[in-house]
Amino acid sequence: IRQLVKQRRPLGFPPGPSPIPVIGNIMSLATEPHVFMKKQSEIHGQIFSLDLGGYSAVVLNGYDAIRECLYHQGDVFSDRPSLPLFMKMTKMGGLLNAKFGNGWIEHRQLASNSFRYFGSIQKPLDQKILEECMFFVDAIDEHKGKPFNPKHLVTNAVSNITNLIIFGERFTYDNCDFQHMIEIFSENVELAVSGWAFLYNAFPWIEYLPFGKHQKLFRNAAKVYNFLEQIIKRFSEGRVSNFPRHYIDEYLNKLDKSAGDLGTSYSRENLIYSVGELIIAGTETTTNSLRWAMLYMALYPNIQEKVHKELDSVLGSGQSPSLADKKRMPYVEAVLHEVLRFCNIVPLGIFRATTQDTLVSGYNIPKGTMVITNLYSVHFDEKYWCDPGTFSPHRFLDSNGNFVRREAFLPFSLGKRHCLGEHLARMEMFLFFTTMLQRFHLQFPPGTVPSLTPKLGMTLQPLPYSICAVRRQQ
Ligand code: HEM
């Protein structure tokens with residue numbers, strides 16, 4: 001394993017901060033790695049390297065460098081690094097962590113076809129999301145305007161949209177087993193970029209140490225896979241090959257059809273990995289976005305008031321929001337875009353790797369090099385954003401109040417491995433946000449203001465906070 005990640009540092013490799021012997025720059029990543037990397041790019045340039053304990057990673061910063069690599073050299077920058085942690089978790093199979101090749105193509109195609117097909121089976125996907133929105137706002141209403149932590153409710157509601165596609169049904173908000181699985185899975189999303197994870201990647205023999213956070217990560221993963229295996233078995237009962245009901249049926253059909261084909265990547269194991277990845281990639285990110293959106297609405301009542309005004313003028317009080325209204329709600333669109341820019345849900349993207357030796361901005365980067373895309377540095381790139389440290393939806397509006405797209409906006413990343421769920425995530429954010437704000441006014445319990453410091457991990461989420469959702473008088 002170690003040979004796979006040990007990298008050559010050829011002549012012309014990007015420079016970087018001085019490493020400490022043995023552990024390299026790992027310690028510098030302990031607090032806010034995305035902020036540390038942006039600062040380093042001001043010293044070493046937009047493309048620089050880090051020593052992660054004997055193996056090197058190249059860090060891309062700012063919109064220009066990221067576009068150059070992920071878009072203009074799309075095929076070169078589309079692999080995932082064969083890090084010991086990823087090898088242990090998914091053997092570089094599944095979808096999100098798959099090596100760039102046949103296995104990735106098969107799984108990505110199957111997933112995107114399933115999203116399209118099973119999403120809109122029986123009725124259009126936006127209508128199904130709206131049904132979930134109703135369960136969601138009714139559950140909020142049960143708190144009767146008293147303070148509550150919205151984390152679990154948002155997670156349950158959001159995960160139900162991917163559940164519809166993967167399992168063909170939603171789970172009720174009291175399904176503790178499913179919720180526990182999501183909880184320990186998202187703990188792993190946090191642990192995957194902890195110091196211990198980097199240490200494990202550099203020194204895989206620490207697997208045999210009886211202590212360390214990496215052990216927790218392995219235990220959680222074993223529990224998650226066990227749960228998924230059982231639930232997959234349950235939902236595949238009664239499968240009829242020509243009438244797939246959901247992603248799992250469709251996957252098993254493919255598996256049957258490819259029996260005996262040595263080149264296929266479909267397997268029971270990859271089914272479990274891909275189901276896990278779709279659940280967590282779809283839930284963690286969209287949930288965090290909505291939790292940040294709620295927090296910023298309560299923090300900036302003047303912005304919330306403008307959202308309410310727009311909702312009232314487009315919908316009135318009786319009509320539920322629908323996707324068709326999106327075009328008539330430029331302010332809501334601007335707010336949701338600013339949440340994605342400012343909050344940096346996936347600040348370092350998902351680690352990439354090069355498929356071949358390449359040359360970028362005069363630097364030599366060999367095949368198999370791990371590449372970190374600092375998406376945070378794109379959203380705080382002073383060349384493209386004025387006063388990036390201020391939360392201001394207006395930057396997405398022109399002088400007539402029309403919504404304007406901005407180039408240096410990459411919350412879903414770019415290129416061949418860009419987020420598979422972007423379309424779904426945008427739909428969910430719009431419908432959950434508008435349904436919730438049409439019914440409620442969000443405010444913090446009197447005398448409290450929650451911390452805006454994010455909890456660190458592969459994704460950034462707000463620390464737990466309490467909020468009051470008070471029914472609006474319309
Ligand atoms: C990948 C962001 C929602 C499924 C990614 C990546 C980012 C991202 C930054 C990394 C792409 C790269 O390698 O450069 C987000 C954000 C979301 C969101 C900010 C919500 C606001 C979703 C949803 C799903 C999803 C709803 C589907 C259920 C995936 C998958 C990948 C991915 C499968 C891996 C793609 C591949 O390796 O080919 N996402 N995502 N995401 N996302 Fe999302």
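**Briefing on the predicted chain**

Buried residues account for 58% of the 474 residues in the chain. The model described here is predicted. Its secondary structure comprises 16 helices and ten strands. The points below cover the chain as a whole and then two residues, Arg471 and Thr162.

**Overall dimensions**

- A compact globule of 474 residues would have a radius of gyration near 23 Å, and the chain, at 22 Å, agrees with that expectation.
- Along the principal axes, the C-alpha atoms of the chain occupy a box of roughly 65 × 55 × 45 Å.
- Among contacts in the chain with a separation of 6 or more, 74% join residues that are 24 or more positions apart.

**Surface and charge**

- The exposed area of the chain is about 20,400 Å², and carbon and sulfur atoms supply 55% of that area.
- The chain carries 50 positive and 44 negative side chains.
- The centres of these two sets of charged side chains lie 2 Å apart.

**Arg471, a residue in a strand**

- Arg471 belongs to strand β10, which spans residues 468-471.
- Arg471 has a relative accessible area of 47%, so this residue is classed as partly exposed, a class that lies between the cut-offs of 20% and 50%.
- Beyond its neighbours within four places in sequence, Arg471 is in contact with Asp141, Arg439 and Phe440.
- With Asp141, the contact includes a polar one between the two side chains, at 2.9 Å.
- Arg471 and Phe136 are 335 residues apart along the chain, while their C-alpha atoms are separated by 14 Å.

**Thr162, a residue in a helix**

- Thr162 is part of helix α7, which covers residues 151-167.
- Is Thr162 buried or exposed? Thr162 counts as buried because its relative accessibility is 3%, and the term applies under 20%.
- The side chain of Thr162 reaches the backbone oxygen of Ser159 at 3.0 Å.
- When residues up to four places away in sequence are not counted, Thr162 touches Phe115, Leu278, Gly282, Thr283 and Leu424.

**The two residues in brief**

- Arg471 in strand β10 is partly exposed, whereas Thr162 in helix α7 is buried.
- The side chain of Arg471 makes its polar contact with the side chain of Asp141, while the side chain of Thr162 reaches a backbone oxygen, that of Ser159.

Methods: Residues numbered from 1 in each chain as written. Predicted model: local features only at pLDDT ≥ 70, side-chain atom pairs only at ≥ 80, totals over all residues. Heavy atoms only, no water. Helix = DSSP H or I, 4+ residues; strand = E, 2+ residues; numbered from the N terminus. Rg over C-alpha atoms; globule rule 2.2 N^0.38 Å. Buried < 20%, exposed > 50% of the residue type's maximum accessible area, 1.4 Å probe, protein only. Contact = heavy atoms within 4.5 Å. Areas by Shrake-Rupley, 256 points an atom, 1.4 Å probe, with all protein chains shown as cover. Lys, Arg positive; Asp, Glu negative; His and termini not counted. Charge placed at Lys NZ, Arg CZ, Asp CG, Glu CD. Polar contact = N/O pair within 3.5 Å; in protein donor to acceptor, adjacent residues only side chain to side chain.
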